[in-house]
Amino acid sequence: MVTTASSRVKSRPETERKRTEILKAAIEIFGAKGSANGTLADIAEQVGMTHAGVLHHFGSKQKLLLEVLAYRDESDVAGLAEKHIPDGPALFLHLVKTALANELRPGIVQVYTVLSSESVTDGHPARGFFEHRYAKLREEVSAAFRELCAQEGVTDTAAISTASASILAVMDGLQLQWLLDPSAVELAEASSFAIRAIVNGVLHPGPPLETYAPRTSAA
């Protein structure tokens, strides 16, 4: 059978549809079982394919794992004009909107939480992805802080690096608590509170924590 250019073009939407179906199944499987225990056979069964069929689309479990992470990030910016998170102070509002969106997609949040935790182990295939992702996000949040400080006339920017890492950490930590008990944590509300508190801590730093420590009377 001769494959024409037109037939190849026609096959692409079906290929992309199947790849997306596999990615969504992988999100569910890896989120529930982890990347080590979740198998390609599990994913293949869920989408009605063979193990070989999944390999045909992604080549290996490691490549599928990385594609799952990329798919999650692409989903985050799919509705944005430039397919990229906003620059400047608008980034802080975007982070809150992301938390709000995450309340509607627990499967993606679960797989991200599981894989990011697993990535600290030696030789994990996603370690490089998360190292790069956190470095890039810290850089972008720091840039947003610097622009905001310039707008507000804040010259002491020593806390920006710490504040940027803290925002990412608190968002991930809240996601974990929310996954464990959604009734106990309002993800978007708690994320908004934490981000606002950290931003205000940079713009209007208060007294050090030692100020609030109970005073002991001298012997």
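Helices here are DSSP runs of H or I at least four residues long, numbered from the N terminus. With that in hand, S192 can be placed in helix α9, residues 187–203. The model is predicted, and these exercises walk through it one piece at a time.

**Exercise 1. Find out how confident the predictor is along the chain, and where caution is due.**

Step 1: Start with the whole chain. The mean pLDDT is 87, and 90% of the residues reach 70 or more.

Step 2: Now look at the beginning of the chain. Residues 1–10 have a pLDDT below 50, and beyond near neighbours in sequence this stretch has one contact in the model.

**Exercise 2. Describe the largest pocket: its volume, its lining and the helices that supply it.**

Step 1: Take the volume. The largest pocket holds about 520 Å³ of space.

Step 2: Turn to the lining. There are 24 lining residues, and D73, D76, I85, R133 and L137 lie nearest the centre of the pocket.

Step 3: Sort the lining by class. It has 10 nonpolar, eight charged and six polar residues.

Step 4: Trace the helices. At least two lining residues come from each of α4 (61–77), α5 (90–102), α7 (127–152) and α8 (160–180). Helix α7 gives the largest share, seven residues.

**Exercise 3. Take R133, one of the residues nearest the pocket centre, and decide whether it is buried or exposed.**

Step 1: Locate the residue. R133 sits in helix α7.

Step 2: Apply the cut-off. Buried means under 20% relative accessible area. R133 has 14% relative accessibility, so it counts as buried.

Step 3: List its partners. Leaving aside residues up to four places away in sequence, R133 touches R72, D73, D76 and Y112. Two of these partners, D73 and D76, are also named among the residues nearest the pocket centre.

**Exercise 4. Work out which residues surround N102 and whether N102 is buried or exposed.**

Step 1: Locate it. N102 belongs to helix α5.

Step 2: Check the accessibility. The value is 1%, so N102 counts as buried.

Step 3: Collect the contacts. With residues up to four places away in sequence set aside, N102 touches R72, V109, Q175, W178 and L187. R72 also appears among the contacts of R133.

**Exercise 5. Compare three salt bridges, and say which parts of the chain each one joins.**

Step 1: Get the total. The whole structure contains seven salt bridges.

Step 2: Look at E21 and R17. Their side chains meet in a salt bridge at 3.1 Å, N to O. The two are four residues apart in helix α1 (residues 5–37), so about one helical turn separates them. Both are partly exposed: E21 at 28% relative accessibility and R17 with a relative accessible area of 42%. This pair also belongs to a network of salt bridges that links E14, R17, K18 and E21.

Step 3: Go on to R19 and E67. The closest N and O atoms of this salt bridge are 3.6 Å apart. Because R19 lies in helix α1 and E67 in helix α4, the pair ties together parts that are 48 residues apart in sequence. R19 counts as buried at 17% relative accessibility, whereas E67 is partly exposed with a relative accessible area of 32%.

Step 4: Finish with R127 and E131. Here the closest N and O atoms are 3.0 Å apart. Both residues lie in helix α7, four residues apart, about one turn of the helix. R127 is partly exposed at 32% relative accessibility, and E131 is partly exposed too, with a relative accessible area of 46%.

**Exercise 6. Find where L179 and S192 come together with residues far off in sequence.**

Step 1: Begin with L179 in helix α8. At 27% relative accessibility, L179 counts as partly exposed.

Step 2: Collect its contacts. Not counting residues up to four places away in sequence, L179 touches P106, V109, Q110 and T113. V109 is also a contact of N102.

Step 3: Check one distance. L179 and T113 are 66 residues apart along the chain, and their C-alpha atoms are separated by 9.1 Å.

Step 4: Return to S192 in helix α9. S192 is partly exposed, with a relative accessible area of 23%. Its C-alpha atom is separated by 9.5 Å from that of L100, although the two residues are 92 apart along the chain.

Terms used. Residues are numbered from 1 along each chain as its sequence is written. This is a predicted model: local features need pLDDT of at least 70, side-chain atom pairs count only at pLDDT 80 or more; totals for chains, interfaces and linings use all residues. Side-chain values use heavy atoms; hydrogens and water are left out. pLDDT is the predictor's confidence in each residue, from 0 to 100. Contact means heavy atoms within 4.5 Å. On a 1 Å grid over the protein atoms alone, a cavity is a set of points where a 1.4 Å probe fits but cannot get out, and a pocket is an open set with protein on both sides within 12 Å along at least five of seven lines; lining residues have an atom within 4 Å of a point. Grid points are joined across faces, edges and corners, and a volume is the space filled by probe spheres set on the points. Ala, Val, Leu, Ile, Met, Phe, Trp, Tyr, Cys and Pro count as nonpolar, Asp, Glu, Lys and Arg as charged, and the others, Gly among them, as polar. Buried means under 20% relative accessible area, exposed over 50%, partly exposed in between (1.4 Å probe, protein chains only). A salt bridge is a side-chain nitrogen of Lys or Arg within 4 Å of a carboxyl oxygen of Asp or Glu.
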